[in-house]
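Visitor: Could you take me on a close look at the nonpolar interior of this protein, and then at the sheet? I would like one connected account.

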Amino acid sequence: MNASPEQRALFRPAGVADDIYRRYDALLAEWPVPARRRSLETRHGNTFVLTCGNPEGPPVLLIHGAVANAATWIGDVETLAPYFHLHAVDVIGEPGFSAPNRPALASDAYAHWLEDVLDGLAVTSAHVVGISLGGWLGLDLAIRRPARVRTLTTIVPGGVGPQRPILLWALPLSLLGRWGQRKLRERIMGKAPPDEALTDAQRRFAELYALMGRHFRPRYDRLPIFSDADLAGLDMPVLAIVAGRDVMLAPGPMKQRLEDNVRDLEMLYLPDAPHYPGSQVARVLAFLIRQDPTPTSPGR
């Protein structure tokens, strides 16, 4: 699949976009469970969604972070799929198959967009799982449109603690070629596990993620911070996962504000984890099943 001219404009050089999209398309062809690709019309442009899992199970909306796409969940869906109907969305304006639109963050545009996605999926309300930027998007939807969110799992979410000024050290590293870019990824993601610990698909996603990190033009505007009243207004069960060595978002204030304000909160604090804390799928699955105790599963 080739990128559109508008999508190419989000990469430098623009020509690398076609190679990244072909790699992404090939990776989705090896999704670990049968999946259906969809392109949904929304008021902010076409949106790509990969649907898989148990069609009789409760719906789960999976929202990836910045400079990523739905392949983020390739290592997790096999665990969740027997129980839940999974919808992995490509966030608009990020390096996936969705429209390259980037509406203002300080508006209700993204809540409108996710409402349109849910409507296109014929889903009234869903369990929402988001990481980093996806965690911010999940919080924004839960605050603005609470009836659409059954539970919220927010992993190292933006919009709760202050963003750290990473450009002071990230920009110099990014100029030091592949060595500097590898060091930059290690500070954010932690050291990559050895190849033998990864499936072929996970290894290829890691390669794709590194390529996107080198060539994609990210957003530099800061995520709006949710107020205490916003957080206190959340009336659905919330699982929050906070990483103690997060170099992008201040973990102390994030943890404290969530604990002080969210009424129905389950907190998982990982003191030694980087911004991307690794797969937390076992904890997420346990939380979802506790909150939705009658999911259909094999043998039931």
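Guide: Gladly! In this predicted model, the largest nonpolar core has 52 residues, and Trp31 and Leu86 are the members that touch the most others in it. Helix H2, residues 16-28, supplies the largest share of this core, with seven residues. Let's stay with Trp31 for a moment: setting aside neighbours within four places in sequence, Trp31 contacts Leu50, Cys52, Ala70, Ala71, Trp73, Ile74 and Val77. There is also a second, separate core of 40 residues, with Ile92, Val123, Leu231 and Leu258 among its members. As background, nonpolar side chains in soluble globular proteins tend to be buried together.

Now for the sheet. Eight strands form an open sheet with mixed pairing, and their order is S1-S2-S4-S3-S5-S6-S7-S8. Strands S1 (35-40) and S8 (265-274) are at the edges; each has a single partner strand, so one side of each lacks a neighbour in the sheet. On average, neighbouring strands here are turned by 20° against each other, with direction ignored.

For a closer view of one pairing, look at S3 (residues 59-63) and S5 (residues 126-131), which run in the parallel sense and are joined over four bridges. Within that pair, Leu61 has Val128 in S5 as its bridge partner. Finally, follow the sheet to helix H10 (residues 251-261), which packs on it and touches both S7 (238-245) and S8. The direction of H10 makes about 155° with that of S7. Strand S8, then, is touched by H10 and is also one of the edge strands.

Technical notes: Residues are numbered from 1 along each chain as its sequence is written. This is a predicted model: local features need pLDDT of at least 70, side-chain atom pairs count only at pLDDT 80 or more; totals for chains, interfaces and linings use all residues. Side-chain values use heavy atoms; hydrogens and water are left out. A nonpolar core is a set of buried Ala, Val, Leu, Ile, Met, Phe, Trp, Tyr and Cys residues joined through side-chain atoms within 4.5 Å. Buried means under 20% relative accessible area, exposed over 50%, partly exposed in between (1.4 Å probe, protein chains only). Helices (H or I, at least four residues) and strands (E, at least two) are DSSP runs, numbered from the N terminus. Contact means heavy atoms within 4.5 Å. Two strands pair if DSSP finds at least two bridges between them. Axes are lines fitted to C-alpha atoms, for helices over the stretch in contact, and angles run from 0 to 180 degrees between N-to-C directions.
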